[in-house]
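The following exercises ask the reader to work from a sequence and a structure to a reasoned description. Each task is followed by a solution in steps.

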Amino acid sequence: MTGTLNSLSDRTLTDVPATVGKPAYDRSQLKTGIIHLGIGAFHRAHQAVYTENILQDDPSWGITGVSLRSPDTRDALAPQDYLYSVAVRDGAGEKLHVIGCLTDILVAPENPEAVLQAMCQPDIRIVTLTVTEKGYCYAPSSRTLDESNSDIIHDLKHPHAPRSAPGFLVEAIRRRHASGLQPFTVLSCDNLPANGETLKRVTVRLAALTNPELGRFIAEHVAFPSSMIDRIVPATTDQDRASVSRALNVKDQWPVCTEPFSQWVIEDHFPSGRPSWEKSGASFVRDVAAFELMKLRLLNGSHSTLAYLGFLAGHETVSATMAAAGFKTFIRAMMDEEITPTLPALPDFDLSTYKDQLIERFCNPALHHRTAQIAMDGSQKLPQRLLNTIHNRLLAGQSFDRLALGVAAWMRFVTGKDEHGQVIDIRDPLRDQLLRATAGLTTTQDILSALLAFDSIFAPEFTQNAHFKSVILQQLETLLTNGAAKTVQNFKPASTKT
Ligand code: CS2
């Protein structure tokens with residue numbers, strides 16, 4: 001029973017058992033140095049934790065979170081003095097930490113002006129983002145601003161009351177510049193290739209469309225370091241809320257659940273200063289690109305492949321998928337044979353241990369990471385997770401059957417019906433267009449052609465490549481004929497088929 005428990009707050013922290021980690025600093029002394037756009041579970045289990053661990057040394061880096069959409073996180077955390085807990089779980093059990101680094105949460109659609117004012121405080125030196133791929137309002141195939149995106153159209157008309165993440169950045173940078181304040185550093189923490197550079201490109205373009213001088217100022221004077229971030233953070237469930245609250249002995253309405261593993265590799269370019277995140281385990285490097293590619297292709301590429309194939313095979317979670325016949329062998333072979341050869345060398349980094357860890361992480365029985373959650377927003381994820389790897393393989397004249405099966409599984413998924421004819425609840429910004437494009441199609445060739453026509457996903461190097469099309473077609477045919485479970489279990493790459 002959690003109904004009788006007090007709510008988590010500064011006052012009730014004393015009710016929390018001594019085994020639970022708690023803020024090791026005086027929260028009343030915190031200043032806000034970071035604005036974070038996209039205050040979802042991932043941020044609270046990752047960057048917020050790295051920040052929490054340095055606040056004892058330097059309390060100037062408290063975080064004000066901004067939700068660009070729903071008020072849920074603010075509504076849950078405001079009554080808790082913005083305290084929440086992180087439950088770190090694996091087969092061995094659970095460790096809990098109460099995190100205190102959030103100083104406030106603002107809800108952008110309710111009051112965009114309050115967000116802009118917060119971003120323009122002199123103490124703000126960094127704006128971090130986890131707004132997911134679609135929050136960048138770009139075309140994933142070309143990584144340029146999508147000027148037909150409805151939020152971008154809105155922000156071009158109303159730059160002083162924006163809706164999009166790039167819109168908030170442009171207006172806040174303009175105001176700071178106009179009032180003589182130093183610009184903040186913008187740190188993307190989303191799973192995009194060259195995430196800093198990509199965010200810079202869309203932000204500069206958005207600014208330049210209405211104010212070329214501002215576009216130039218941003219291009220020349222605002223730092224957008226790239227970063228590679230990694231921690232698996234499944235969506236929190238009611239069951240998680242109840243069990244965490246019981247263990248805390250106070251009611252936490254908004255905990256996050258995650259795995260022990262955590263990694264953050266950051267390009268060290270912060271002209272306005274930064275926290276010593278290296279003291280919490282982050283690595284600062286000159287160039288993140290090789291780490292980003294490794295993570296996007298090996299972790300996220302495998303994750304999406306497991307999500308679509310696992311979902312189609314009837315598995316609710318990644319760990320259940322990994323336990324099913326053939327999946328572990330298939331995904332490890334995809335990593336070793338098809339992805340690894342496309343990765344730039346990372347001196348002093350043991351890739352095979354990294355891959356062993358990935359397999360172990362995907363098998364974590366305590367995480368309950370739903371295949372349907374990872375399957376979301378595939379139109380935004382496919383290029384950097386699977387297609388760019390295939391592109392490298394094509395250029396090198398190498399096979400890519402397993403990666404192609406991953407793409408085919410996405411195609412099968414977005415037709416909107418599962419292998420038993422049940423409707424799939426597709427969540428994707430292109431959902432309606434994808435369903436419309438494939439409705440009523442019966443042949444594999446027609447489904448393939450309809451989906452390849454989405455040019456924000458498939459760049460011309462794919463749609464104009466007959467070999468690419470024939471390999472995908474073959475995998476899609478096998479998948480439609482045999483179903484996902486059998487296809488994976490009996491998988492033989494074409495090159496070894498007899
Ligand atoms: C996942 C990622 O939901 C997804 O698409 O692949 O969120 C993944 O869990 C993280 O990138 C891990 O760092």
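**Exercise 1. The annotated domains**

Which residues does the UniProt annotation "domain: Mannitol dehydrogenase N-terminal" cover? Describe this region and the C-terminal domain listed by UniProt.

Solution. The model is a predicted one.

Step 1. According to the unreviewed UniProt entry, the annotation "domain: Mannitol dehydrogenase N-terminal" covers residues 33-279. Over this range the chain is 34% helix and 22% strand. The C-alpha atoms at its ends are 18 Å apart.

Step 2. For "domain: Mannitol dehydrogenase C-terminal", the unreviewed UniProt entry lists residues 287-479. Here the chain is 66% helix and 0% strand, with end C-alpha atoms 39 Å apart.

**Exercise 2. The surroundings of the ligand**

Identify the residues around the ligand and describe the polar contacts that N300, H303 and K381 make with the ligand.

Solution.

Step 1. The shell around the ligand consists of N191, D230, R231, I232, K295, L299, N300, H303, H369, I374, K381 and R385. Sorted by class, these are 3 nonpolar, 4 polar and 5 charged residues.

Step 2. Helices α10 (289-312) and α15 (378-395) each supply at least two residues of this shell. The most come from α10, which gives 4 residues.

Step 3. A polar side-chain atom of H303 lies 2.7 Å from an oxygen atom of the ligand. For K381, an N or O atom of the side chain is 2.8 Å from a ligand oxygen atom. For N300, a polar side-chain atom is 3.0 Å from an oxygen atom of the ligand. On its own the ligand has 340 Å² of accessible area, and the protein covers 88% of this.

**Exercise 3. Two residues in helices**

Decide for K355 and for T487 whether the residue is buried or exposed, and state what each contacts.

Solution.

Step 1. K355 belongs to helix α13 (residues 351-363). K355 has a relative accessible area of 6%, and it is therefore buried, because the cut-off is under 20%.

Step 2. Apart from neighbours within four places in sequence, K355 contacts L298, R332, M335, D336 and T340.

Step 3. T487 is placed in helix α21 (residues 484-489). Its relative accessibility is 4%, so T487 is likewise buried.

Step 4. With neighbours within four places in sequence set aside, T487 touches L405, T478, L479 and N482. In addition, a polar side-chain atom of T487 lies 2.5 Å from the backbone oxygen of G483.

**Exercise 4. The packing of helix α12**

Which residues of helix α12 are buried, and against which helices do they pack?

Solution.

Step 1. Helix α12 spans residues 327-339, and its buried residues are F327, F330, I331, A333, M334, M335, E338 and I339.

Step 2. These buried residues pack against α10, α11 (318-323), α13, α15, α16 (401-413) and α21.

**Exercise 5. Positive phi angles**

Locate T132 and N249, and comment on their phi angles and exposure.

Solution.

Step 1. Most residues other than glycine have a negative phi.

Step 2. T132, although not a glycine, has a positive phi of about 65°. T132 sits in the loop between β6 (126-129) and β7 (138-139). With 30% relative accessibility, T132 is partly exposed.

Step 3. N249 is not a glycine either, and has a positive phi of about 70°. The loop that holds N249 runs between α9 (238-248) and β11 (256-258). N249 counts as partly exposed, at 38% relative accessibility.

How values were computed. Residues numbered from 1 in each chain as written. Predicted model: local features only at pLDDT ≥ 70, side-chain atom pairs only at ≥ 80, totals over all residues. Heavy atoms only, no water. Buried < 20%, exposed > 50% of the residue type's maximum accessible area, 1.4 Å probe, protein only. Contact = heavy atoms within 4.5 Å. UniProt positions renumbered as here; feature names shortened; annotations may be inferred. Near = heavy atom within 4 Å. Polar contact = N/O pair within 3.5 Å; in protein donor to acceptor, adjacent residues only side chain to side chain. Areas by Shrake-Rupley, 256 points an atom, 1.4 Å probe, with all protein chains shown as cover. Nonpolar A, V, L, I, M, F, W, Y, C, P; charged D, E, K, R; others polar.
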